[in-house]
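Ready for a few exercises on a protein model? Have a go at each task yourself before you read the solution.

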Amino acid sequence: MTAFTLSLIYTIASIGLSVSGMFWVRKRFKSSDLKLDHDVTSALIAVMGTLYAIVLGLVVVDALNHREAAENMESQEASALATVMHLARTLPVSQGRPIMQAELDYCRAAIDKEWPTLTNGTAPETTTVKAFGELWERVGAFEPKTNRETNLHACMLAAVTDFSNARRYRIVSCKHGLPFLLWVILIMGGVCTITFTYFFGADRFRLQAVMTGIVAFMLCLNILLVFFYGRPYRGDLHITPNSLEHVRTVLEQAPVLNNSQTE
């Protein structure tokens, strides 16, 4: 079942439960009785709604920032690898080829084997870790002989460090999501907010039912936003390794590696 289908079922069920709850309250309280307490009810729902809006807004912003950071880190990981690749191209073939081959091996392992494991929060993957270590060994084993090669080696080490930091962020963040306690607060806060809408005695029940349904719909959208964007590597809306795939394609088409395969 797709995320869209689950989201639709969750939203419809939430709206249905919200309107049913209001119908249950109206069966037990007359509209005229509810109107007597409108002043108190209005003040209380304003306070509670404001408090819940602050919490929900902060969580939504945090989820969006987490998603954006994950996308930036994926791009940074690929960008650092591309930098190493371009630097390696300027080296003699015997020195640059092993580094580029190690990069290609890492890209293939990260995309084909490790990335699918991110959805389960089980990364890192053994083959990718081995390729990651091999890349570091190839770069670290390079011994510059001229001032030019020394500068290239320093830039290469800096790029590999940036690449490692971006990869580390991906490995760590894929294992963590929104804390369970925060989910409880979000859901219970939404339930309390909707429940408070029952204690207004509108003369037209259908109109109040529509307004309650709209409130429930908006709350569902915000909670769904937190659910999908708070887990950037999971679900149908997970981040894809587009930048890494581009680097892999460039490496596969590199003349240096293609010539090595034909030699």
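A salt bridge here is a side-chain nitrogen of Lys or Arg within 4 Å of a carboxyl oxygen of Asp or Glu. Keep in mind that this is a predicted model.

**Exercise 1.** Find out whether Glu-77 and Arg-170 form a salt bridge, and work out which parts of the chain the pair ties together.

*Solution.*
- Step 1: look at the distance. The closest N and O atoms of Glu-77 and Arg-170 are 2.9 Å apart, and the pair forms a salt bridge.
- Step 2: place the two residues. Glu-77 sits in helix α3 (residues 38-89) and Arg-170 in helix α6 (residues 147-173), so the bridge ties together parts that are 93 residues apart in sequence.
- Step 3: check the surroundings. Both Glu-77 and Arg-170 are buried.

**Exercise 2.** Now do the job for Arg-167 and Glu-114, and say which network they belong to.

*Solution.*
- Step 1: the closest N and O atoms of Arg-167 and Glu-114 are 2.6 Å apart, and this pair forms a salt bridge.
- Step 2: Arg-167 lies in helix α6 and Glu-114 in helix α4 (residues 93-117), so parts 53 residues apart in sequence get tied together.
- Step 3: buried means under 20% relative accessible area. Arg-167 has 6%, so it counts as buried. Glu-114, at 0%, is buried too.
- Step 4: put the pairs together. Glu-77, Glu-114, Arg-167 and Arg-170 are linked in a network of salt bridges.

**Exercise 3.** Describe the salt bridge between Arg-138 and Glu-134: where do the two residues lie, and how many residues apart are they?

*Solution.*
- Step 1: the N to O distance in this salt bridge is 2.8 Å.
- Step 2: both Arg-138 and Glu-134 belong to helix α5 (residues 126-141), 4 residues apart, or about one turn of the helix.
- Step 3: Arg-138 is partly exposed at 38% relative accessibility, and Glu-134 is partly exposed at 29%.

**Exercise 4.** Work out what lines the largest pocket, and which helix gives the most to the lining.

*Solution.*
- Step 1: start with the volume, which is about 300 Å³.
- Step 2: count the lining. There are 16 residues, and the closest to the centre are Tyr-10, Ser-14, Ile-187, Val-191 and Ile-194.
- Step 3: sort by helix. α1 (3-28), α7 (180-196) and α8 (205-229) each supply at least two residues of the lining, and α7 gives the most, with 7 residues.
- Step 4: sort by class. The lining has 12 nonpolar, 4 polar and no charged residues.

Notes
Residues numbered from 1 in each chain as written. Predicted model: local features only at pLDDT ≥ 70, side-chain atom pairs only at ≥ 80, totals over all residues. Heavy atoms only, no water. 1 Å grid on protein atoms, 1.4 Å probe; cavity = no way out; pocket = protein on both sides within 12 Å on 5 of 7 lines; lining within 4 Å. Points joined across faces, edges and corners; volume = space filled by probe spheres on them. Nonpolar A, V, L, I, M, F, W, Y, C, P; charged D, E, K, R; others polar. Buried < 20%, exposed > 50% of the residue type's maximum accessible area, 1.4 Å probe, protein only.
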